[in-house]
Amino acid sequence: MVISKHSEHSSYREKLIEHLFIGELLKFSWQQCDCEIEISKPEVDNAGYDLIVEAEKVVRHVQLKASFSTSTTSQWKVHRKLFDKPSGCVISVVFDEQTLELGPFLFFGSEPNEPLKGIEDLKVARHTKGNKDGDKAERPNIRVVNKGRFEKVDTIEQLVTKLIG
């Protein structure tokens with residue numbers, strides 16, 4: 001069985017997509033001549049977000065997901081704590097498998113400075129592997145969000161508007 005580069009080096013690719021995404025946000029801010037967007041990262045990954053994006057008195061805690069443009073992914077797992085943040089959101093960065101060009105983006109969130117809503121409607125995730133009896137235990141801090149709940153955003157400019165208004 002041949003393992004694809006994307007599978008074999010998935011951690012590398014995950015960081016690469018994150019850095020390309022951050023670069024696109026900062027490039028947009030630069031091109032707008034305001035250089036207002038600030039990016040921070042948590043020291044510990046236990047609250048469901050990968051980045052903090054701040055601009056114009058809006059602070060967004062962002063969980064990043066990534067998928068190929070040809071992916072059939074139909075749902076993502078989201079940490080419950082993201083719903084406790086003042087303006088949490090999830091962004092799925094869709095990218096070309098060959099060129100790594102980013103876009104479109106899929107956005108799950110509320111208006112700027114509004115918390116995520118609807119956690120009570122989301123299914124509790126289960127572990128992917130069963131225990132010795134084959135039972136897949138619930139993951140009480142993780143919720144499953146179907147792709148249909150995400151809004152397609154075609155450009156980084158449109159995404160920045162969703163993020164900070």
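**Second largest pocket**

I began by asking which element gives the most to the lining of the second largest pocket. That turned out to be H2, with three residues. The model I am reading is a predicted one, so I keep that in mind on every page.

Next I noted the space in this pocket, which comes to about 220 Å³. I then listed the lining: Lys 5, His 6, His 9, Tyr 12, Arg 13, Leu 16, Glu 97, Gln 98 and Leu 100. Helix H1 (5-8) and H2 are the elements that give two or more residues to it. Sorted by character, I get three nonpolar, three polar and three charged residues.

**Largest pocket**

I moved on to the largest pocket and found about 450 Å³ of space there. Its lining has 21 residues, and I wrote down the ones closest to the centre: Glu 14, Asp 50, Gln 63, Leu 64 and Lys 65.

Which element gives the most to this lining? It is H2, with five residues. I also checked who else contributes: helix H2 (10-31), strand S3 (58-68), strand S4 (75-79) and strand S8 (138-146) each supply at least two residues. By character, the lining splits into eight charged, seven nonpolar and six polar residues. So my note to self on H2 is short: it gives the most to the lining of the largest pocket, and it gives the most to that of the second largest pocket.

**Cysteines**

I looked for disulfides across the whole structure and the search returned zero. Out of curiosity I checked the accessibility of two cysteines. Is Cys 89 buried or exposed? Cys 89 is buried, because its relative accessible area is 0%. Cys 35 counts as partly exposed, because its relative accessibility is 49% and the exposed class begins only over 50%.

**A three-stranded sheet**

My last stop was an open sheet of three strands, which I read in the order S4-S8-S7 with antiparallel pairing. S4 and strand S7 (123-126) stand at the edges; each has a single partner strand, so one side of each is left without a neighbour in the sheet. Neighbouring strands here are turned by 55° against each other on average, with direction ignored.

I followed the pairing of S7 and S8 in more detail. How many bridges join these two strands? I count four, in the antiparallel sense. For Lys 123, I traced the bridge partner in S8 to Val 144.

S8 thus appears twice in my notes: it lies between S4 and S7 in the sheet order, and it supplies at least two residues of the lining of the largest pocket. S4 supplies at least two residues of that lining as well.

Conventions
Residues are numbered from 1 along each chain as its sequence is written. This is a predicted model: local features need pLDDT of at least 70, side-chain atom pairs count only at pLDDT 80 or more; totals for chains, interfaces and linings use all residues. Side-chain values use heavy atoms; hydrogens and water are left out. On a 1 Å grid over the protein atoms alone, a cavity is a set of points where a 1.4 Å probe fits but cannot get out, and a pocket is an open set with protein on both sides within 12 Å along at least five of seven lines; lining residues have an atom within 4 Å of a point. Grid points are joined across faces, edges and corners, and a volume is the space filled by probe spheres set on the points. Ala, Val, Leu, Ile, Met, Phe, Trp, Tyr, Cys and Pro count as nonpolar, Asp, Glu, Lys and Arg as charged, and the others, Gly among them, as polar. A disulfide is a pair of cysteine sulfur atoms within 2.5 Å. Buried means under 20% relative accessible area, exposed over 50%, partly exposed in between (1.4 Å probe, protein chains only). Two strands pair if DSSP finds at least two bridges between them. Axes are lines fitted to C-alpha atoms, for helices over the stretch in contact, and angles run from 0 to 180 degrees between N-to-C directions.
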